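Please find below my note on the model, set out as numbered points. Each point takes up one topic and can be read beside the sequence and the coordinates.

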Amino acid sequence: MLHGDHVTLRAIERDDLPVLHELLDDDLELIARASDTPARPASLAELEHRFEERLEEADPRTMRFVIEVDEELIGECELHFIDHFQRTCHLGITLGRAYWSKGFGQDAVRALVDFAFRDLAMRKVGMEVLADDERAVGAYTKAGFVEEGRLRAHAWFDGEIHDTLVMGILREEWASGPHH
Ligand SMILES: CC(C)(COP(=O)(O)OP(=O)(O)OC[C@H]1O[C@@H](n2cnc3c(N)ncnc32)[C@H](O)[C@@H]1OP(=O)(O)O)[C@@H](O)C(=O)NCCC(=O)NCCS
């Protein structure tokens with residue numbers, strides 16, 4: 001398990017799927033903010049199918065976790081595009097709407113970044129985020145990420161075109177940061 005100040009990150013179990021589905025899969029705004037593929041509600045059966053597929057075709061470039069607070073499941077997060085030659089990876093996170101803006105996002109991001117640098121020996125963790133998503137940008141900034149660039153008119157979200165920020169944190173920034 002990975003531990004933040006308040007959150008715990010652990011592997012996803014089959015029994016988590018109904019709760020994850022309830023938390024995350026019916027909320028189109030949440031899905032659209034977290035993904036650059038078209039947002040649509042997904043059924044529990046689809047989630048179960050994807051879970052089984054991932055077990056069968058384990059992808060070494062992706063690690064997924066559920067996020068818990070006081071043993072209550074509040075969301076999920078992952079490292080993907082894990083590249084052991086470049087020693088880079090990307091981070092993704094979604095919390096159920098009821099858990100937004102309570103500091104849990106930045107806590108989980110710190111725990112995941114710590115794992116990426118300490119245990120996976122990464123030298124950089126990156127991500128892309130809608131430029132005007134102040135809550136997400138705020139959470140990543142508090143966890144030590146900095147803006148690396150702006151992709152203009154890059155994302156379709158809620159019926160409009162938005163800029164996307166490329167953000168990242170380097171190993172040396174993590175090592176000298178307050179959370180190391
Ligand atoms: C993005 C997400 C993981 C952030 O986690 P969170 O727990 O909501 O965020 P946190 O409370 O840890 O941090 C938000 C920070 O942004 C700041 N902030 C700035 N503008 C804000 C705004 N308009 N609304 C809320 N917070 C804002 C907050 O003040 C806070 O900083 P603080 O600790 O100094 O108060 C979560 O909101 C989420 O799952 N959203 C939906 C999916 C998503 O957007 N995923 C990310 C896609 S890249």
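1. The sulfur of Cys77 has its closest cysteine sulfur in Cys89, at 12 Å, which is too far for a bond. Taken from the other side, Cys89 likewise has its closest cysteine sulfur in Cys77, 12 Å away and too far for a bond. The model, which is a predicted one, accordingly holds zero disulfides. For a pair to count as a disulfide, the two sulfur atoms would have to lie within 2.5 Å. As for their surroundings, Cys77 is buried, with a relative accessible area of 3%, and Cys89 is buried as well, at 1% relative accessibility.

2. Which residues come nearest to the ligand? Among the 23 residues around the ligand, these are Leu95, Ser101, Gly103, Gly105 and Lys142. By residue class, the shell around the ligand divides into 10 nonpolar, six polar and seven charged residues. The protein covers 75% of the 950 Å² of accessible area that the ligand has on its own.

3. The polar contacts to the ligand deserve a point of their own, since both backbone and side-chain atoms appear in them. A polar backbone atom of Ile93 lies 3.0 Å from a nitrogen atom of the ligand, while a backbone N or O atom of Leu95 is 2.8 Å from an oxygen atom of the ligand. From Lys142, a polar side-chain atom lies 2.5 Å from an oxygen atom of the ligand.

4. Which elements give two or more residues to the shell around the ligand? They are helix 2, strand 5 (88-95), helix 4 (104-118), strand 6 and helix 5. Of these, helix 5 gives the most to the shell, with seven residues.

5. Turning to the charged side chains, the count of salt bridges comes to 13. One of them joins Asp133 and Arg33, whose side chains meet at 3.3 Å, N to O. Asp133 lies in the loop between strand 6 (124-130) and helix 5 (134-142), and Arg33 lies in helix 2 (residues 28-34), so this pair ties together parts that are 100 residues apart in sequence. The two partners differ in their burial class, for Asp133 is buried, with a relative accessible area of 6%, whereas Arg33 is partly exposed, with a relative accessible area of 28%.

6. A second salt bridge that I would list is the one between Glu148 and Lys124, whose side chains meet at 3.1 Å, N to O. This pair, too, links distant parts of the chain, with Glu148 in strand 7 (residues 146-157) and Lys124 in strand 6, 24 residues apart. Glu148 counts as partly exposed at 40% relative accessibility, and Lys124 counts as partly exposed at 23%. Beyond single pairs, salt bridges that share partners join Asp27, Glu29, Arg33, Arg97 and Asp133 into one network.

7. Arg40 and Glu46 also form a salt bridge, in which the closest N and O atoms are 2.8 Å apart. Are these partners buried or partly exposed? Arg40 counts as partly exposed, at 46% relative accessibility, and Glu46 counts as partly exposed, at 26%.

8. His21 has its place in helix 1 (residues 17-24), and at 16% relative accessibility His21 counts as buried. The side chain of His21 reaches the backbone oxygen of Ala42 at 2.7 Å, a contact that may be worth viewing together with the burial of the histidine.

9. Phe117 is found in helix 4, one of the elements that give two or more residues to the shell around the ligand. At 0% relative accessibility, Phe117 counts as buried. Where the chain path is concerned, Phe117 and Leu170 are 53 residues apart in sequence, and their C-alpha atoms are 9.0 Å apart in space.

10. To draw some of these points together, helix 5, which gives the most residues to the shell around the ligand, follows the loop that holds Asp133, the partner of Arg33 in helix 2. Helix 2 is itself among the elements that give two or more residues to that shell, and Arg33 and Asp133 both belong to the network of salt bridges that share partners.

Technical notes: Residues numbered from 1 in each chain as written. Predicted model: local features only at pLDDT ≥ 70, side-chain atom pairs only at ≥ 80, totals over all residues. Heavy atoms only, no water. Salt bridge = Lys/Arg side-chain N within 4 Å of Asp/Glu carboxyl O. Helix = DSSP H or I, 4+ residues; strand = E, 2+ residues; numbered from the N terminus. Buried < 20%, exposed > 50% of the residue type's maximum accessible area, 1.4 Å probe, protein only. Near = heavy atom within 4 Å. Polar contact = N/O pair within 3.5 Å; in protein donor to acceptor, adjacent residues only side chain to side chain. Areas by Shrake-Rupley, 256 points an atom, 1.4 Å probe, with all protein chains shown as cover. Nonpolar A, V, L, I, M, F, W, Y, C, P; charged D, E, K, R; others polar.
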